[in-house]
Amino acid sequence: MRRFFLLILMLAMSRAGSGRAATNDFFASGITAIHNGNFLDAVGGFQKSVRQQPATGALVNLGLAEWQRGHAGAAILAWEQARWIDPFDERAAQNLKFARMAAQADEPQLKWFEAASVWLPPNAWLWIAGASWWLTVGALMLPGIFRWKKSGWLSALAALGFAVFLFSLTANVGVVSRTNIGFVLKKNAPLLLTPTRTGEIISTLNAGEPVRRQRTRGDYCFISSANGSGWIESKAFGLVAAR
Amino acid sequence: MKNLQHSTFTLERRSFGARTVERRAFNIECSRLKIFFLILLFATFRAPAQLPPQLPPGGLIQLQVAQPPVDNSPLPATATAVFDPPAGRAGEKTFYRVTVTATEPSVQWPKKIAAPAELKFGNGARGQMMQLLGNRYRPVTAFTYEVRPTAAGRFTISNFVVNVAGQPVKIPAANLEILPVNSPPSPAARELEVEASATNVFLGQPVRVRVLLPASPGNGIEALREVQINGGGVMTDKTSVRQAVETVNDGGQRKPAFVYEATVTPIAAGPLQLTAQAFTAGREFGGPVSITAPVVIRSGPPRYDLLVSEPLELKVRPLPTESELPGFTGAMGVFIADKPQLATNRIHVGEPVRLRVAFHGVGILSRFVPPAAPRSRDWQIIADPPPATGFTLIPLTDDVQTTPAIPFCAFNPAAGEFVDLTIPALPVTVIGNSLPTQLPAFDEAENQSASLKLSGLAPSPGKMVASLQPLQLRGGFIALQLVPAFGFLVLWQWDRRRRFLAAHPEIVRRRQARRSLRKEKVKLQKAMAAGDGKGFVQHAAEAMKIACAPHFPAHPRALVCGEVLAQLEDPRGAAGETVRKVFAAADSQFAGTPQTPADLLALHSDVMVVLNQLEGKL
């Protein structure tokens, strides 16, 4: 039995190692291509690296390559995704500030609970919620089970855990809500009245403009943006938390 | 609104200074004019030779000669009616010709003509031409009927009146002399002949149709005017007309003929009948005519007779649409496409690039329809106006790496199949419009500060995650939360059990007794196997005490034989006797004459029965 577990552990480690090695290979090829000025190949390399395993560095470099190709929308999306993984990434923050100034694109308007969720990586909020919940449950149940003496610090710990849990709950709602935020990829992407190819164009959206997905119908998504609401082709924008 | 026109009054009273300025301006204008004319003079030496505009033959004449006007004077229309030929044999074909000097729409021609029953009327034709009389054109409308007399005799179509432009016009009577069948042959009626390059054709396949007017006896040739090829379901292309006088095969005899050749395209499937009609025009040849046969062109005024032909049947088959390839535009024939040539293979987004494609054909090329521009998401494709076959391509994105393939095919009538002529995709590099990488920045005092710029490249992949999809939207984390929940559940169950056992200590004692009894039984078996009688009775007594202790409750060592006997169902039976013997033997070890081991080991089966009985009560 012990050998079986060891075998599974070794297999899992080797699989994770091979995936990381492939990611590094694609990343290195992207770096080489961008140094040679071949931005198309660089984008391909970084995209493969991100597809293999999303990483902040690969996304930052992907955004730089897309920016050099003139794809402001794709660049902003890549840097937003880097910030999604790590809100403290300085390169992504600096590039986003620059890109929004150069491309005249707005920042997404976040609700209060979404703004709170930006403080930490999305998964961290869930771990905090889980830990604080079980801490609260443990602080309430374990003294009774183990017949510990009732003490003030245990009650305080339970109260603190529950408070953290409540706050992290709102942040988690914000994280889920932010998964519907996307950015327009194509320049002058048409905002349509109906989800059809021949639909009437309400307005056009700039590359890099933030939009919020409401619902999906076929190849079109109903989105709301600063320029109004309407249908947009799914390929014309990208979600930050893409699958 | 303010009037912007200058008054001439102010010009007349100009000041001296103004006159001086104007004179200087005039001198400057003159010098500029001199330079301009000099440039013009020298420019003529650099100017390339200009070709004169290419006009079709006859076009210059049309430009130079004033066209005579059409005679629309209210003169009364006149009419003639004859049989051509006026005499013949029974059963031979003749034509009843009526000519009215009026336009065709103005003549209200009767649907049926009253004629003797022996004259069988066949197909009729009508046409109009403009006859040049003096310095005016006069319209002439002709009606021609094919007539076959069935009997000999003299027949007359009497005069009748038709309405021409609201005025009655009398059509004179016409006589026909018909001889018996066995009489000598008379000259045949003049009529046109129609030939086609192919009579079994596909829908849309162009066919060359020749209208022939054989020469009269003595090789006299006449021109044809207002030639029409009639028949439903065909389209005549008059831009490819060719006229000639050449030797043709007429019923096995070679003789000169006037030939009018045009391209006809069937536009309906099924059997089609073509007929031709034309006016004879003597020596009035309209357009270029190549004469390659020895003929005589007679002088004198022309005679405008409307001639018709026997019908020619075309069998038109529909195209095999089941094998049709994409990009069919109706091109029919044998075509070969050259390799497409792109002006450049490195372009920017939005920059047009020319794609040249040349098609070569065999046979009739007038029906070649160039490929249509397909719709593409990534390219704007503009086709050159036909008959050019090139395209202008404009990339809309830099994601493309090839030009779009342009589907095209043609139908080869000879092989009866579609031929793929798709213009293949060509590799191309599209460069996107670059964006700025540095921006000037200003502080609050509007002074230029450190410029904003993009960051450098990240040297390593950095912080990684398994997926951009957050754990909140994945089921795995919820499953993970079951682990601490299960741990707490186990703890809770353990606490409940512990509390229960605390409330019921006999359960613990019985469990402990059963555990100790199992151990003593093992020791008992070992003593038995070793033949140790002393040890056997010691362990047997101990086991019995352990099995009985929870019932009192008491420590096993505190029990004696009587208390063990009290737990038996029948203390005076065999089991009780065995207990007594065991306890007696155990106690006798402390006596002076202990029992022999053989006697004690013989109690083994009885001891086991007692122990099983006691264990059953635990």
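1. Glu195(B) stands opposite Arg210(B) of strand E13 in chain B. This is a predicted model, and the pairing should be read as part of that prediction. The two strands concerned are E11 (residues 193–196) and E13 (residues 207–214) of chain B, which pair in the antiparallel sense over four bridges.

2. E13(B) has a further partner to consider. Strand E17 (residues 253–266) of chain B pairs with E13(B), again in the antiparallel sense, over eight bridges. Within this pairing, Val211(B) is set opposite Tyr260(B) of E17(B).

3. Confidence comes next. For the complex, the predictor gives an ipTM of 0.87 and a pTM of 0.55. Chain B has a mean pLDDT of 83, with 84% of its residues at 70 or more. Two stretches of chain B should be read separately. Over residues 1–30 of chain B, pLDDT stays under 50, and the model has one contact beyond four places in sequence for them. Over residues 43–52 of chain B, pLDDT also stays under 50, and there the model has zero contacts beyond four places in sequence.

4. On the interface, 46 residues of chain A are in contact with 33 residues of chain B. Six helices of chain A each supply at least two residues of the side that touches chain B: H1 (2–35), H3 (56–68), H4 (72–85), H5 (90–103), H7 (122–146) and H8 (152–178). By residue class, that side of chain A divides into 25 nonpolar, 17 polar and four charged residues.

5. Helix H5 of chain A has 14 residues and reaches 20 Å from its first C-alpha to its last, close to the 20 Å expected at 1.5 Å a residue. Which residues of H5(A) are buried? They are Arg91(A), Ala92(A), Asn95(A), Leu96(A), Phe98(A) and Ala99(A).

6. Just after H5(A) comes Gln104(A), with a positive phi of about 55°. Gln104(A) is a residue other than glycine, and its phi is positive all the same. Its place is in the loop between H5 and helix H6 (112–117) of chain A. Is Gln104(A) buried or exposed? Gln104(A) counts as exposed because it has 11 C-beta neighbours inside 10 Å, and a residue with 12 or fewer falls in that class.

7. A positive phi also appears in chain B, at Glu226(B), where the value is near 55° in a residue other than glycine. Glu226(B) lies in strand E15 (residues 224–230) of chain B. With 17 other C-beta atoms within 10 Å, Glu226(B) is partly exposed.

8. The peptide bond from Asp84(B) to Pro85(B) is cis, with omega near -5°. Pro85(B) lies in the loop between strand E1 (79–84) and strand E2 (87–89) of chain B.

9. Ala207(A) is found in the loop between strand E3 (201–205) and strand E4 (210–217) of chain A. Why does Ala207(A) count as buried? The reason is that 25 other C-beta atoms lie within 10 Å of Ala207(A), while the class begins at 20. Leaving aside neighbours within four places in sequence, Ala207(A) is in contact with Ala72(A), Gly73(A), Ala103(A), Val184(A), Leu185(A), Lys186(A) and Lys187(A). Ala207(A) and Ile76(A) are 131 residues apart in sequence, and their C-alpha atoms are 8.8 Å apart in space.

10. Chain B has an open sheet of four strands, in the order E25-E27-E30-E29, with antiparallel pairing. Its edge strands are E25 (341–342) and E29 (379–383), each of which pairs on one side only. Strand E27 (residues 353–356) and strand E30 (residues 391–395) of chain B run antiparallel and are joined by three bridges. In E30(B), Leu393(B) is the bridge partner of Val353(B).

11. Three strands of chain B form an open sheet in the order E23-E31-E32, and here the pairing is mixed. The edge strands are E23 (328–332) and E32 (417–420), each pairing on one side only. From one strand to the next, the twist averages 35°. Strand E31 (residues 409–412) of chain B runs antiparallel to E32(B), and four bridges join the two. Cys409(B) has Asp420(B) as its bridge partner in E32(B).

How values were computed. Residues are numbered from 1 along each chain as its sequence is written. Chains are lettered from A and ligands numbered from 1 in the order in which they are written. This is a predicted model: local features need pLDDT of at least 70, side-chain atom pairs count only at pLDDT 80 or more; totals for chains, interfaces and linings use all residues. Two residues are in contact if their C-beta atoms, placed from the backbone, lie within 7 Å. Ala, Val, Leu, Ile, Met, Phe, Trp, Tyr, Cys and Pro count as nonpolar, Asp, Glu, Lys and Arg as charged, and the others, Gly among them, as polar. Two strands pair if DSSP finds at least two bridges between them. The expected span of a helix is 1.5 Å times one less than its number of residues. pLDDT is the predictor's confidence in each residue, from 0 to 100. Axes are lines fitted to C-alpha atoms, for helices over the stretch in contact, and angles run from 0 to 180 degrees between N-to-C directions.
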